[in-house]
Amino acid sequence: MITLSEASLLVKEAMKIAAEWNVQLSIAVCDDHGELVAFSRMDGVGLQTGPLAIAKAYTAARMRKSTLLLGEWAIENGKDISHWVDPKITGLGGGLPIVRNNKVIGGMGVSGLSPQQDEEVVSLSTKVMSEHA
């Protein structure tokens, strides 16, 4: 399972990327069950981005896949996200599972940009995990 130290490192890395891109984000990291471990909402970012980042991290951890791919799959197959009977699940892009040794240890979600850009921030941020392993 992801540690608080690791989750905090991921939030810090995402905030660093946001500063480099001159944008504001909400950032969430959950454990492998989808329970929130770390969260940050940067000054000036929209209030709705907080719950979205948390939902993205939760979904990525619980479903073990990219929220963007999950949403695309649902659309392509005519499925409604409500079929999972979990109101926290989202198909909005910007969430990725956090993987160590081929096992999902958590999920990270970002909100504040386009779904693709949100996912890019997560992808870039999670690279720091392998560098500090």
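# Exercises on a sheet, its helices and its cores

Strands E3 and E4 make a hairpin in which two residues separate them, and Asn 101 in the turn has a positive phi of about 50°. This is a predicted model: local features need pLDDT of at least 70 and side-chain atom pairs count only at pLDDT 80 or more, while totals for chains, interfaces and linings use all residues. Residues are numbered from 1 along each chain as its sequence is written, and side-chain values use heavy atoms, with hydrogens and water left out.

## Exercise 1: the hairpin and its sheet

Work out how E3 and E4 pair, and then give the order of the strands in the open sheet.

*Step 1.* Locate the strands: E3 covers residues 95-100 and E4 covers residues 103-111. Helices (H or I, at least four residues) and strands (E, at least two) are DSSP runs, numbered from the N terminus.

*Step 2.* Look at the pairing, for which DSSP must find at least two bridges between two strands. E3 and E4 are antiparallel, with six bridges. Within them, Gly 95 sits opposite Gly 109, and Val 99 has Val 104 as its bridge partner.

*Step 3.* Widen the view to the four strands of the open sheet, which run in the order E2-E1-E4-E3 with antiparallel pairing. E2 (36-41) and E3 are the edge strands, each pairing on one side only. From one strand to the next, the twist averages 15°.

## Exercise 2: helices on the sheet

Find which strands H1 lies across, and do likewise for H4.

*Step 1.* Start with H1, residues 4-21: this helix lies across E1 (26-31), E2, E3 and E4, at about 25° to E2. Such angles run from 0 to 180 degrees between N-to-C directions, with axes fitted to C-alpha atoms (for helices, over the stretch in contact).

*Step 2.* Turn to H4, residues 115-131, which lies across E3 and E4 and runs at about 135° to E4.

## Exercise 3: the salt bridges

Which residues form the salt bridges, and what parts do these pairs tie together?

*Step 1.* There are two to find; each needs a side-chain nitrogen of Lys or Arg within 4 Å of a carboxyl oxygen of Asp or Glu.

*Step 2.* One joins Glu 6 and Arg 100, at 2.4 Å from N to O. Glu 6 belongs to H1 and Arg 100 to E3, so this pair links parts 94 residues apart in sequence. Glu 6 is buried at 19% relative accessible area, whereas Arg 100 is partly exposed at 31% (buried is under 20%, exposed over 50%, partly exposed in between, with a 1.4 Å probe and protein chains only).

*Step 3.* The other joins Lys 56 and Asp 118, whose closest N and O atoms are 2.9 Å apart. Lys 56 is in H2 (residues 49-63) and Asp 118 in H4, so parts 62 residues apart in sequence are tied together. Lys 56 is buried at 2%, and Asp 118 is buried at 1%.

## Exercise 4: the cores

Which element supplies the largest share of the largest nonpolar core?

*Step 1.* Such a core is a set of buried Ala, Val, Leu, Ile, Met, Phe, Trp, Tyr and Cys residues joined through side-chain atoms within 4.5 Å. The largest has 22 residues, and those with the most contacts inside it include Ile 2, Val 29 and Met 108.

*Step 2.* At least two residues each come from H1, E1, E3, E4 and H4. H1 gives the largest share, six residues.

*Step 3.* Finish with a second, separate core of nine residues, among them Cys 30, Ala 53, Ala 57 and Leu 70.

Note on methods:
Contact means heavy atoms within 4.5 Å.
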